[in-house]
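Grab the coordinates and your favourite viewer, and let's work through a few exercises together. Try each task yourself before reading the solution under it.

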Amino acid sequence: MNHAHLQVDGLTLSLGGFCLRDIHLLCAKGEYHVLLGPTGSGKTSLMRCILGFYRINQGALYLNGKEITHTLPEDRHMGYVPQHYSLFPHLKVEGNIRFGFRSGKYPSQNADRTVDRLCDMLQIQHLRKRDVRHLSGGEKQKVALARALAIQPDIILLDEPFSSIDEGAKRSLWINLKAIINEISITAFHITHNLEEAYSMGERLSVLLNGELHQSGPKEDIFERPATQEVARYLNYRNLFSGVAHAHPEGARIDTDCFSVVLSKKISPGTRVNLCVRQQDIKIVKQDNAVKPAMRHNILHGHIVSLFPFPEYCLVWFRVEGSTREYDLEIKLPPYLRERYKLFAGKQTDVAFWEPSIIVFPD
Ligand SMILES: Nc1ncnc2c1ncn2[C@@H]1O[C@H](COP(=O)(O)OP(=O)(O)OP(=O)(O)O)[C@@H](O)[C@H]1O
């Protein structure tokens with residue numbers, strides 16, 4: 001048996017014209033897992049399958065090693081915070097939090113103590129008698145969280161929990177929610193389309209694009225080594241190219257339509273290759289400075305087309321010599337380098353990158 005708390009095994013679901021295809025996903029006990037994907041990629045549909053609201057066409061679901069594919073939603077013992085919270089307007093805050101005990105399916109002998117503890121932890125004691133319709137977005141989120149946690153679920157599922165919160169207030173609420181979930185030591189499965197939110201909150205991430213799960217793993221791996229071109233594009237990677245491999249004594253040379261790069265790994269000549277060069281890893285070569293040996297094969301001549309100085313970084317558009325495009329590479333530099341290297345639009349310069357900054361995708 002594996003150590004997954006939640007396991008999605010080959011899940012397929014057809015919904016009219018949309019389909020979730022052969023989804024495999026593991027979520028370990030106590031882990032904060034974020035499912036990331038753009039609008040319409042199928043995140044809510046997948047969550048609804050896990051909750052048991054949709055009957056899946058193929059595959060299986062396991063919780064704690066026990067199959068739950070055909071278990072009724074109310075018997076899955078999952079806490080759920082829906083998008084926009086769906087609080088019951090006819091009930092006060094207290095009634096909302098206690099709602100789960102009404103079914104009689106969950107032990108209510110300790111209900112008072114549990115509700116009290118959650119209200120303390122979430123700092124909502126003062127709201128208990130309030131009308132839910134008059135709460136702020138952050139307060140509603142806490143009440144929805146208390147309602148989901150009151151039944152002491154095995155896992156909590158959060159559907160875009162910050163979609164109703166002002167942009168400015170989100171960051172501190174990310175920290176608060178993460179701290180609460182950590183304190184309770186519960187497994188969390190959270191869906192969002194917000195990259196910063198995913199990176200701040202998730203320990204492991206899964207990326208869902210157009211009904212297919214492209215990558216699952218520690219968040220650093222996802223953001224630093226996207227597994228597919230589609231994931232790279234979704235994570236706002238630039239400098240994506242396709243090319244053809246050729247024989248090279250060090251490994252392989254890839255010719256794209258505007259430059260060549262050398263990789264140390266062997267790739268059969270003639271293979272089509274998609275690659276990406278990370279923006280922040282492209283170095284401007286300072287005149288008269290020697291290029292590090294690790295970069296000697298990947299030096300490009302050209303000129304700076306435009307510079308965009310932002311507070312945190314300076315963005316450079318670079319055109320490779322002989323290219324007819326507006327620009328070929330987008331480069332992110334620390335802002336101080338603009339002055340130090342005397343960079344300006346039109347300046348002729350070389351750029352260089354070392355191999356680890358080149359990501360090669362399977363075709
Ligand atoms: N019950 C349904 N019947 C038919 N199509 C559906 C149904 N539910 C969702 N869809 C379609 O499935 C696709 C995925 O929807 P879903 O809500 O799962 O995406 P999402 O990634 O959660 O998007 P968002 O971030 O906008 O909430 C959409 O094209 C949607 O219109």
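**Exercise 1: the six-stranded sheet**

I155 stands opposite T187 in strand 8. Before going on, note that this is a predicted model, where local features need pLDDT of at least 70 and side-chain atom pairs count only at pLDDT 80 or more, while totals for chains, interfaces and linings use all residues. Residues are numbered from 1 along each chain as its sequence is written, and side-chain values use heavy atoms, with hydrogens and water left out.

Task: find the strands behind that first pair, then work out the order of the sheet and its edges.

Solution.
- Step 1. Get the vocabulary straight: helices (H or I, at least four residues) and strands (E, at least two) are DSSP runs, numbered from the N terminus. Two strands pair if DSSP finds at least two bridges between them.
- Step 2. Strand 7 (residues 155-159) runs parallel to strand 8 (residues 187-192), with five bridges between the two.
- Step 3. Put the neighbours in a row and you get an open sheet of six strands, 6-7-8-3-9-10, with mixed pairing.
- Step 4. At the edges are strand 6 (78-81) and strand 10, each with a single partner strand, so one side of each has no neighbour in the sheet.
- Step 5. Ignoring direction, neighbouring strands of this sheet are turned by 15 degrees against each other on average. The axes here are lines fitted to C-alpha atoms (for helices, over the stretch in contact), and angles run from 0 to 180 degrees between N-to-C directions.

**Exercise 2: strand 9 and its partners**

Task: describe how strand 9 pairs on each side, and say why it counts as largely enclosed.

Solution.
- Step 1. With strand 3 (residues 32-36), strand 9 pairs in the parallel sense over four bridges. H33 sits opposite R204 of strand 9.
- Step 2. With strand 10 (residues 212-218), strand 9 runs antiparallel, joined by six bridges. V207 has Q215 of strand 10 as its bridge partner.
- Step 3. Strands 9 and 10 make a hairpin with two residues between them, and N210 in the turn has a positive phi of about 50 degrees.
- Step 4. Now burial: buried means under 20% relative accessible area, exposed over 50%, and partly exposed in between (1.4 Å probe, protein chains only). Five of the six residues of strand 9 (residues 204-209) are buried, so the rest of the structure largely encloses this strand.

**Exercise 3: the ligand shell**

Task: list the residues around the ligand, then pick out polar contacts.

Solution.
- Step 1. Use a heavy-atom cut-off of within 4 Å. That gives L15, F18, P38, T39, G40, S41, G42, K43, T44, S45, Y54 and E160.
- Step 2. Sort by element: helix 1 (residues 43-51) gives the most to the shell, with three residues.
- Step 3. Look for pairs of N or O atoms within 3.5 Å. A polar backbone atom of G42 is 3.0 Å from a ligand oxygen, and a polar side-chain atom of K43 lies 2.9 Å from an oxygen atom of the ligand. In the side chain of Y54, an N or O atom is 3.4 Å from a ligand nitrogen.
- Step 4. Check the cover: on its own the ligand has 630 Å² of accessible area, and the protein covers 61% of that. These areas come from the Shrake-Rupley method with a 1.4 Å probe.

**Exercise 4: burial in the helices**

Task: is helix 1 largely enclosed or not, and how do Q141 and E224 compare with the burial cut-offs?

Solution.
- Step 1. In helix 1, seven of the nine residues are buried, so the rest of the structure largely encloses the helix. The buried ones are K43, S45, L46, M47, C49, I50 and L51.
- Step 2. Just after helix 1 comes G52, with a positive phi near 90 degrees.
- Step 3. Q141 belongs to helix 4 (residues 137-150) and counts as buried at 5% relative accessibility. Its side chain reaches the backbone oxygen of P161 at 2.9 Å; within protein, such a contact also needs one atom able to donate a hydrogen and the other to accept it, and residues adjacent in sequence count only if both atoms are side-chain atoms.
- Step 4. E224 lies in helix 7 (residues 219-224) and is partly exposed, with a relative accessible area of 42%.
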